[in-house]
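Biologist: Could you walk me through this fold, one question at a time, and show the reasoning behind each reply?

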Amino acid sequence: KAHVYQASTSELFGETKITPQNENTPVTPANPYAAAKALAHFDAQIYRKSFGLFISTGILFNHESPRRSPDFVTRKVSLAVASIKLGLKNHQIPLGQSGEPVVNSEGKLELGSLDSVRDWGFAGDYVEAMWRILQYKKPDDFVVATGKGRTVKDLCQTAFDYAGLNWKDHVVVNKKWVRPTETGPLIGDAGKIRKALGWKPKTTFKELIEMMVESDLSHLR
C-alpha cells in the first residue's frame, strides 16, 4: 500500500533540442549525474508497469531556497551579493563545500556561462507538488516547473538589483566554471500536473531570488 516517490530531474533532458520539455520528451542525459538519474527513472517506470506498484516520478526542474548549497549558482550569487554589500574582507567571506570562496581575492563573483538558461522555482512550492503527486489516485510521471526560462545574467541582475548594486561591476567570467557539456535551455512544461492535480508555482523568480539574498544578508550580518 506504500506510495513511492522517485526524485527525477530536468537533467534527464540535457541534450534535447525540444523546448519546453514535458513527460514525453526523450531522455538524453549529458553528464554522469543525469545518466544515473535516468537509470533510477526508468527503473521506477518498469516496476510500476511490471508489478503494479504505486511509484510516481517527479521530474523537477531547478528548485531553490535559502538552504541551497553555495556550490549551486543561485546560492553562490546570493551569498556573493550579501558579502559584497556588507563589505566583508577575504577571511570573512563564506566558502562553498568545495572550499572555494564565493568571491575572489579582488572581491568579484566568478561565474561560467552567463547565457545558460534554467527554469528556476521555489523549493517550498515544489515540495507541495511532491505531496500532491503521492496523493493522486494513480501513479504517474509529472514535470514540475515554472515554465519560464531565465539566464544566469538575469539571475545576477535580479540579485544585485535587490541590494542596490550594478551586477556588471561585480561579476566576471572564469572559464573554469563552464561545464564541459552545457545543457539546455531546460524549461519545463508543467501542464500535466496543473491539469491533473491543480498545482502551480506560487513564488515568482524575483521573489525567490530576493528571498535568498535577504536571507544571506541577515545571516552574514
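What follows is a conversation about a predicted model, moving from the sheet to the cores and then to some single residues.

Biologist: In what order do the strands of the open sheet of 3 strands lie?
Modeller: The edge strands are β1 and β7, each of which pairs on one side only. From one strand to the next the twist averages 25°. With parallel pairing throughout this open sheet of 3 strands, the order is β1-β2-β7.

Biologist: How many bridges join β1 to β2, and how many join β2 to β7?
Modeller: V4 of β1 stands opposite I55 in β2, and on the β7 side T57 stands opposite D141, while I59 has V143 as its bridge partner and L60 has V144. Both pairings run parallel, and the counts are 6 bridges between β1 (residues 4–9) and β2 and, between β2 and β7 (residues 141–144), 4 bridges.

Biologist: What is the hand of the crossover from β1 to β2?
Modeller: Leaving β1, the chain passes through helix α1 (residues 32–51) before it enters β2. That helix lies across β1, β2 and β7, and runs at about 145° to β1. The β-α-β crossover made in this way is right-handed.

Biologist: Why can β2 be called largely enclosed by the rest of the structure?
Modeller: In a regular strand the side chains alternate between the two faces of the sheet, so both directions have to be examined. In β2, I55, T57 and I59 point one way and S56, G58 and L60 the other, and all of these are buried. Strand β2 (residues 55–60) is therefore largely enclosed, the number of its residues that are buried being 6 of the 6.

Biologist: Which residues of β7 cover each of its faces?
Modeller: Strand β7 is an edge strand, pairing on one side only, yet both of its faces are covered. The buried residues are D141 and V143 on one side and, on the other, F142 and V144.

Biologist: Which members of the largest nonpolar core touch the most other members?
Modeller: This core holds 29 residues, and α2 (73–85), β4 (109–111), α4 (152–162) and α6 (205–220) each supply at least two of them. Apart from it lies another core, of 11 residues, which includes L60, A129, Y136 and L197. In the core of 29, the members that touch the most others are V77, L111, C156, F160 and V171.

Biologist: Beyond its neighbours within four places in sequence, which residues is C156 in contact with?
Modeller: C156 is one of the residues that touch the most other members of the largest nonpolar core, and V77, L111 and V171 are also named among those residues. Once the neighbours within four places in sequence are left aside, the contacts of C156 are V77, L111, W167 and V171.

Biologist: What is the geometry of the ring pair formed by Y126 and W199?
Modeller: There are 5 aromatic pairs in the model, and in this one the ring centres are 5.6 Å apart, with the planes at 85°. Because Y126 lies in helix α3 (residues 123–135) and W199 in the loop between α5 (191–197) and α6, the pair ties together parts that are 73 residues apart in sequence. Y126 is buried, with a relative accessible area of 0%, and W199 is buried at 1%. An angle over 60 degrees is the criterion that applies here, so the pair is edge-to-face.

Biologist: Is S69 buried or exposed?
Modeller: S69 sits in the loop between β3 (63–64) and α2, where, apart from neighbours within four places in sequence, it is in contact with R75 and Q97. The cut-off for a buried residue is under 20% relative accessible area. With a relative accessibility of 14%, S69 therefore counts as buried.

Biologist: What is the form of the peptide bond from T19 to P20?
Modeller: Most peptide bonds are trans. P20 lies in the loop between β1 and α1, and the bond that reaches it from T19 has omega near 0°, making it cis.

Biologist: How far apart in space are A30 and K168?
Modeller: A30 is placed in the loop between β1 and α1, and is buried, with a relative accessible area of 15%. In sequence, A30 and K168 are 138 residues apart, and in space, from C-alpha to C-alpha, the separation is 31 Å.

Terms used. Residues are numbered from 1 along each chain as its sequence is written. This is a predicted model: local features need pLDDT of at least 70, side-chain atom pairs count only at pLDDT 80 or more; totals for chains, interfaces and linings use all residues. Side-chain values use heavy atoms; hydrogens and water are left out. Buried means under 20% relative accessible area, exposed over 50%, partly exposed in between (1.4 Å probe, protein chains only). Helices (H or I, at least four residues) and strands (E, at least two) are DSSP runs, numbered from the N terminus. Two strands pair if DSSP finds at least two bridges between them. A crossover is right-handed if, with the strands pointing away from the viewer, the path from the first strand over the helix to the second runs clockwise. A nonpolar core is a set of buried Ala, Val, Leu, Ile, Met, Phe, Trp, Tyr and Cys residues joined through side-chain atoms within 4.5 Å. Contact means heavy atoms within 4.5 Å. Axes are lines fitted to C-alpha atoms, for helices over the stretch in contact, and angles run from 0 to 180 degrees between N-to-C directions. Rings of Phe, Tyr and Trp (its six-membered ring) pair if their centres lie within 6.5 Å; planes under 30 degrees apart count as stacked, over 60 as edge-to-face and the rest as tilted.
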